[in-house]
Amino acid sequence: MAKILEDISRTFAEYLLIPRLTRRDQHIDAIDLSAPLSREGVQGQEKLSMNIPIVSACMQAVSGTDLAVALARQGGLSMIFCSQSIESQVDMVKKVKAHKAGFVTSGANIKPDASLRSVLELMNASGHSTIPVTTDGSPHGNFVGLITDQDFWEFEDNLDNLVQAHMTAKADVIYGEEGITLREANQLLHRHKKDCLPILSLEGRLSALVFKKDYVDHQMHPLEILDDNKRLRVGAAINTHDYQDRVPALIEAGADVLCFDSSDGFTEFQMDGVAWIREQFGPDIVIGGGNVVSAEGFDYLAMSGLVDFIKVGIGGGSICITREQKGVGRGQASALLEVAARRDAYFEETGVYVPLCSDGGLANDTQIVMALAMGADFVMMGRYFAMTEESPTSKISINGQMYKPYWGEGTLRAQNWQRYSEGMSSRKMVFEEGVDAFVPLVGTVAEVLETTLHKLKSTMMNLGADNLSSFKEQAVITLVSEQSIVEAGTSNVFKFSRNRDADESDWGN
């Protein structure tokens, strides 16, 4: 006979937080939202963290290049989806890593004997207005000068003229030498009022470029998460089918985090994959496992000592129908509370802290807050980001309202046969675990995160918490009745739309 649990499968909407003492010395700008991504307490492993506790889901309609860049600049992390070819996913990761860097490998170069017409075509194709000139036109050739869109006029100069007749020659270019620090390079740019600084080797070969715009961009995004080379960090989703080919390519491309994309991570297939990655690439690469909804599932992954963080949640996503189709899953609040309790006990037993990611079941900002209070170190969201300008889907107008398409990885549209084939020889999808829908366009990543994070900080102050760790420790949570949910909303009032032309005395009381 099946074992029946005594508890009820509950959601975040069934709980409220009880206020604690807010101190005089607390200030909302001083609240720390940093969150760990890697196991703590593991000897010799460097800790990896984010500046905000938010990652984007491993989904085609969510985590593309533009969103990964936008989220990393705000302090979070995207997981570039794996339901695509290895080459395509690798290209996305490379684009994120190349987007913002202190020392940039030049992506557009030209030879001195090329024509101005060729320069113009290169500028239009690359979007760059400053082009290094090297003897062989390569990114690391002998540097001979720079040509910019200010050095010639498209409709006045003869476009058959050679680059060398219009460029600024090396002798007149301010440049730095290999070994210079990024701070020193920026100081040179400032001192000489330049926008671009070539970095040359002792032999005079072009090594890299440093741009003023990157310095300005960093000052405008102080929370952005960067690697040791000042490049934006990015995660990449992987599956249990082609990881032996996909993982090496993603690591070579510069992926900072690998995350298994599976509705159920309590499997030997995932353990085999994690073990292979560790054997091949050692302890430094950060790996996320899951998803699980029980203490038993947590133990299976955590006790292996191989995964850095564990995702919690099955069937709670806004477009996920796993529970409906297969009868598998658990209310997200119940799942997180049990797994978080086991995580804390595991820490007491071993001294190793395994971060938890709450994945799914988040309908609004309040529930994001509740997930973090209940023990999640960070949350993973799909719909939230699918609604932003930077998500990879195209905007569509429906009855005057702008929407974006949004579909699950378990749909036919995702065509993710590797994840759902379950060993079958046919690639035909027998049933779907997700739906295909539309979500309203709400704004940019920066705009929606500003509101969410401000609400989170405000709630943390209500509980007297200065960081997410103390927020979890100090949280007191109560169940709510159906009637108290009604009480929480607007009631017993008439809502009027304010008429700007009407006198206040004409409004309803």
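**Entry 1: strand 12 and its partners**

I started with strand 5, residues 77-80, in this predicted model. Strand 5 pairs with strand 12 in the parallel sense, over two bridges. I looked for a facing pair and found Ile 80 opposite Ala 236 in strand 12.

Next I asked how strand 12 pairs with strand 13. These two are parallel as well, and four bridges join them. Strand 13 covers residues 257-260. Here Ala 236 stands opposite Leu 258. I then traced the chain from strand 12 to strand 13 and passed through helix 6, residues 243-253. This β-α-β crossover is right-handed.

Are the faces of strand 12 covered or open? I checked residues 235-238 and found both faces covered. Gly 235 and Ala 237 are buried on one side. Ala 236 and Ile 238 are buried on the other.

A reminder to myself: strands of a sheet pair through backbone hydrogen bonds, either parallel or antiparallel.

**Entry 2: two cysteines**

I looked for disulfides and the count came to zero. Cys 58 is in no disulfide, and its nearest cysteine sulfur belongs to Cys 259, 4.2 Å away. Why is there no bond between Cys 259 and Cys 58? A disulfide needs the two sulfur atoms within 2.5 Å. At 4.2 Å, the sulfur of Cys 259 is too far from that of Cys 58 for a bond.

I also checked burial for both. Cys 58 has 3% relative accessibility, so I count this residue as buried. Cys 259 has 0% and therefore counts as buried too.

**Entry 3: helix 3**

Which residues of helix 3 are buried? I went through residues 116-126 and noted Leu 116, Val 119, Leu 120 and Met 123. They lie on the same side of helix 3, because they cover an arc of only 100° around the axis. The general rule helps me here. An α-helix has 3.6 residues a turn, so residues three or four places apart point the same way.

I turned to the other side of helix 3 and found Glu 121 and Ala 125 exposed. Then I asked what covers the buried residues. The cover includes strand 6 (130-134) and strand 7 (143-148). Just after helix 3 comes Gly 127, with a positive phi near 80°.

**Entry 4: strand 7**

Strand 7 came up as cover for helix 3, and I followed it further. Five of its six residues are buried, so strand 7 is largely enclosed by the rest of the structure.

I looked up its partners. Strand 6 and strand 7 run antiparallel and are joined by five bridges. In this pair Thr 134 stands opposite Phe 143. Strand 7 also pairs with strand 8, residues 168-169. That pairing is antiparallel, over two bridges. Gly 145 stands opposite Ala 169 there.

**Entry 5: a sheet of three strands**

In what order do the three strands of the open sheet lie? I read 9-10-11, with mixed pairing. Strand 9 (176-177) and strand 11 (206-211) are the edge strands, and each pairs on one side only. Strand 10, residues 196-200, pairs with strand 11 in the antiparallel sense, over five bridges. I picked out one facing pair: Leu 200 is opposite Leu 206 in strand 11.

**Entry 6: Ala 185**

I located Ala 185 in helix 4, residues 182-192. Is this residue buried or exposed? Its relative accessibility is 0%, so Ala 185 counts as buried.

What does Ala 185 touch, leaving aside its neighbours within four places in sequence? I found contacts with Ile 180, Leu 197 and Val 210. I also compared Ala 185 with Phe 103, 82 residues apart along the chain. Their C-alpha atoms are separated by 9.3 Å.

**Entry 7: how far to trust the model**

I closed with the confidence values. The protein chain averages a pLDDT of 87, and 85% of the residues score at least 70. Over residues 416-427, however, the pLDDT is below 50. This stretch has 21 contacts in the model beyond near neighbours in sequence. Residues 499-509 also stay under 50. For them the model has five contacts beyond four places in sequence. Where pLDDT is low, the predicted coordinates should not be read in detail.

Conventions
Residues are numbered from 1 along each chain as its sequence is written. This is a predicted model: local features need pLDDT of at least 70, side-chain atom pairs count only at pLDDT 80 or more; totals for chains, interfaces and linings use all residues. Side-chain values use heavy atoms; hydrogens and water are left out. Buried means under 20% relative accessible area, exposed over 50%, partly exposed in between (1.4 Å probe, protein chains only). Two strands pair if DSSP finds at least two bridges between them. A crossover is right-handed if, with the strands pointing away from the viewer, the path from the first strand over the helix to the second runs clockwise. The arc is that of the directions from the helix axis to the C-beta atoms. Contact means heavy atoms within 4.5 Å. pLDDT is the predictor's confidence in each residue, from 0 to 100.
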